[in-house]
Amino acid sequence: EPIYLIFIQDRFELSVQMLAFAFFPAGIVFAILPNYTGRMVDRRGGPRLLALGFLLAALVSIALPWLPGILWVAVAYTLSAVGRTFSLPAEDAMVADAAPAADRGRIMGLKETAAAFGAALGPPVGGWVYEYWAPELAFMINGLLLLMTVLLVIWWFEVKRVES
């Protein structure tokens with residue numbers, strides 16, 4: 001995510017205040033929608049919503065470098081935020097459901113540790129790709145990794161459904 005900010009500021013030459021306004025709608029989505037998407041996960045199950053959330057994030061990541069203006073970026077990032085509000089509760093619920101009750105806290109902690117490692121490694125690796133190869137490539141790689149995650153989620157839970 002820090003690379004989004006650098007790219008947008010470089011591409012559109014925005015002030016920090018304008019950049020903040022562009023991300024404000026996504027912040028509202030993150031503040032309001034998780035309550036509703038969490039209920040959807042409870043009613044409909046997590047795998048489809050997890051895949052949908054990752055798919056939206058992937059499409060936004062791939063499209064971002066070619067969006068023509070900051071208004072488009074704000075709309076796209078807001079859609080990505082909607083996707084993230086689907087995937088976060090689905091991810092947490094699915095991990096909690098899969099973990100034995102006695103190990104649930106430890107397994108949730110391991111999930112968060114893995115996410116933190118990704119959050120720590122992503123910016124330096126993405127920054128290196130951005131700086132030394134091409135800014136657009138950092139977003140393409142992120143989008144392709146997210147698309148691979150979508151396919152993995154669909155495959156994994158289709159296999160689990162067939163086994164049941």
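**View 1. Six residues form a nonpolar patch on the surface.** M18, F21, F24, I28, I32 and Y36 together make a nonpolar surface patch of about 640 Å². Patches are built from residues with over 30% relative accessible area and no salt bridge, joining like charges within 9 Å and nonpolar side chains (Val, Leu, Ile, Met, Phe, Trp, Tyr) within 5 Å. Accessible areas come from the Shrake-Rupley method with a 1.4 Å probe, and for residues only the protein chains shown count as cover. This is a predicted model, where local features need pLDDT of at least 70 and side-chain atom pairs count only at pLDDT 80 or more, while totals for chains, interfaces and linings use all residues. Residues are numbered from 1 along each chain as its sequence is written, and side-chain values use heavy atoms, leaving out hydrogens and water.

**View 2. Y36 sits in helix α2.** This helix covers residues 16-44; helices (H or I, at least four residues) are DSSP runs numbered from the N terminus. Y36 counts as partly exposed because its relative accessibility is 46% (buried means under 20% relative accessible area, exposed over 50%, partly exposed in between, with a 1.4 Å probe and protein chains only). Now look across to A116 in helix α5: its C-alpha atom is 25 Å from that of Y36, and the two residues are 80 apart along the chain.

**View 3. T78 is a buried residue of helix α4.** With 17% relative accessibility, T78 counts as buried. Its side chain reaches the backbone oxygen of A74 at 2.7 Å. Leaving aside residues up to four places away in sequence, T78 touches P25, A26 and V29 (contact means heavy atoms within 4.5 Å).

**View 4. E13 lies in the loop between α1 and α2.** Although E13 is not a glycine, it has a positive phi of about 50°. E13 counts as exposed, because its relative accessibility is 71%.

**View 5. Salt bridges link R84, E91, D92, K111 and E112 in a network.** A salt bridge is a side-chain nitrogen of Lys or Arg within 4 Å of a carboxyl oxygen of Asp or Glu. Follow K111 to two partners: D92, with the closest N and O atoms 2.8 Å apart, and E112, where they are 2.6 Å apart. K111 counts as buried at 13% relative accessibility, whereas E112 is partly exposed at 43%.

Conventions
Helix = DSSP H or I, 4+ residues; strand = E, 2+ residues; numbered from the N terminus. Polar contact = N/O pair within 3.5 Å; in protein donor to acceptor, adjacent residues only side chain to side chain.
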